[in-house]
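Biologist: I would like a close look at one part of this protein. Please take me through it step by step.

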Amino acid sequence: MSVWKAHAPGVRFAASLMAVVAICPVVAGCSVADDKKAGGGEGPPVPEVTAFRQIDSAADLELPVAPYLFSDPELSRLMGARELLIRECMQELGFDYQTPDGSRAVGPRTLTERRYGLADVTQAKRDGYHLFGPEVRPEPKLPPEQYRAVTGEGSGKDIPKGGCAGQAERALGGEKPFGPSDLAQTINGKSYELSMRDNRVRKVFTSWSACMRKQGYTYKDPMAAMSAPEFSAEEIGPGETETAQHDVKCKEKVNLIGVWHAVESAYQKELVQEHASELRLVLEAKREQLKESRKMMSGA
């Protein structure tokens, strides 16, 4: 059994690229009267949130930056096409190149499934804070000459610029950055950081913590519970499933996910609007890469 545990935003990587999903708009506007800055101190203006919906499940929530990133199926298609092109290039160079094993460690199904901590009481009862998946076989190490040909590190006869990987990425995306953009990923991380410092989120953390104290637990926020050392072993720890169940129930009681997601979405919406012109180019690049990937995977 392999195990995945979240200690930060529910952000995952596959083949070094971020996979995300989303679904659920929140209205954002100007600053609220009481909290002019995130956390009440220096920082960007705090966006207004007009309403907090009761949300008890996080997996299918939407965030404004999601369209500019790649969903799991999109990422799988992109990386599959890249690997086909790498293999063709390596064969042309005369190498007996074997495609790395496609299996990978298990993680959250979506960007938001565990972004705000554990949110599924059934999972909590069964697995505590753990996510179990199939055993992952390590990828085979390439011989040095093949590694140089794939990556372009060093020099060699007929090896293209950036190696076979660089050539594959240019074929799919031209000279534009390959895969999820740095800007979109930065926005995705920044909004999370801002939301963690926001007084509205901190207030609901306090309410959640008070609820947990009544059950005998002393965690300042859901991330502290989720990343607790006693629950970080390969196997489920003593008392873990009980703690996790209380965690989820307290989240539901204080509407922690509803508040946190609404606040983060408001920050993220403003960041997306601020970088609208740049993100239009990001979306264009994403569409071009997916179009070329479809052609490659279909044999067109």
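Biologist: Where is the place of Ser195? Start there, and then show me what surrounds that part.

Modeller: Ser195 sits in helix H5, which covers residues 182-197. Keep in mind that this is a predicted model. Now check the exposure. Ser195 has a relative accessibility of 0%, so Ser195 counts as buried. The cut-off for buried is under 20% relative accessible area.

Next, the neighbours. Leave out residues up to four places away in sequence, and Ser195 touches Val201, Trp260, Val263, Glu264 and Tyr267. Pick Trp260 from that list. Trp260 is buried too, with a relative accessible area of 0%.

Trp260 leads us to the aromatic rings. A pair of aromatic rings is described by two things, the distance of the centres and the angle of the planes. Rings pair here if their centres lie within 6.5 Å. By this rule there are five aromatic pairs. One of them joins Tyr116 and Trp260. Their centres are 5.0 Å apart, and the angle between the planes is 55°. That pair is tilted. Look at where the partners come from. Tyr116 is in the loop between helix H1 (72-92) and helix H2 (121-127). Trp260 is in helix H9, residues 256-274. The two are 144 residues apart, so the pair links distant parts of the chain. Both Tyr116 and Trp260 are buried.

Trp260 has another ring partner, Phe205. The centres of these two rings are 5.0 Å apart. Their planes stand at 80°, so this pair is edge-to-face. The cut-off for that class is over 60 degrees. Phe205 belongs to helix H6 (residues 199-214), while Trp260 belongs to helix H9, so the pair ties together parts that are 55 residues apart in sequence. Phe205 has 6% relative accessibility, so Phe205 counts as buried.

Now put the rings together. Ring pairs link Tyr116, Tyr192, Phe205 and Trp260 into a cluster. Remember that Ser195 touches Trp260, a member of this cluster.

Stay by helix H9 for a moment. Asn255 is in the loop between helix H8 (240-254) and H9. Most residues other than glycine have a negative phi. Asn255 is not a glycine, yet its phi is positive, at about 55°. Asn255 is also buried, because its relative accessibility is 9%.

For contrast, go to Lys157. Lys157 lies in the loop between helix H3 (144-151) and H4. Lys157 has 74% relative accessibility, so Lys157 counts as exposed. Lys157 and Leu93 are 64 residues apart in sequence. In space they are 8.6 Å apart, C-alpha to C-alpha.

H4 also meets another helix. The axes of helix H4 (residues 163-173) and helix H10 (residues 276-298) come within 7 Å. They cross at roughly 105°. H4 and H10 are therefore roughly perpendicular to each other. On the H4 side, Ala171, Leu172 and Gly173 make the contact. On the H10 side, Glu288, Gln289, Glu292 and Ser293 do so. Sorted by class, this contact has two nonpolar, three polar and two charged residues.

Finally, step back to the whole protein. There are ten helices and six strands. Buried residues make up 46% of the 300 residues. Take the contacts with a separation of 6 or more: residues 24 or more positions apart account for 80% of them. The pair of Tyr116 and Trp260, 144 residues apart, is one example of a link between distant parts of the chain.

How values were computed: Residues numbered from 1 in each chain as written. Predicted model: local features only at pLDDT ≥ 70, side-chain atom pairs only at ≥ 80, totals over all residues. Heavy atoms only, no water. Phe/Tyr/Trp six-rings, centres within 6.5 Å; stacked < 30°, edge-to-face > 60°. Helix = DSSP H or I, 4+ residues; strand = E, 2+ residues; numbered from the N terminus. Buried < 20%, exposed > 50% of the residue type's maximum accessible area, 1.4 Å probe, protein only. Axes fitted to C-alpha atoms, helices over the stretch in contact; angles between N-to-C directions. Parallel < 35°, antiparallel > 145°, perpendicular 65-115°, else oblique. Contact = heavy atoms within 4.5 Å. Nonpolar A, V, L, I, M, F, W, Y, C, P; charged D, E, K, R; others polar.
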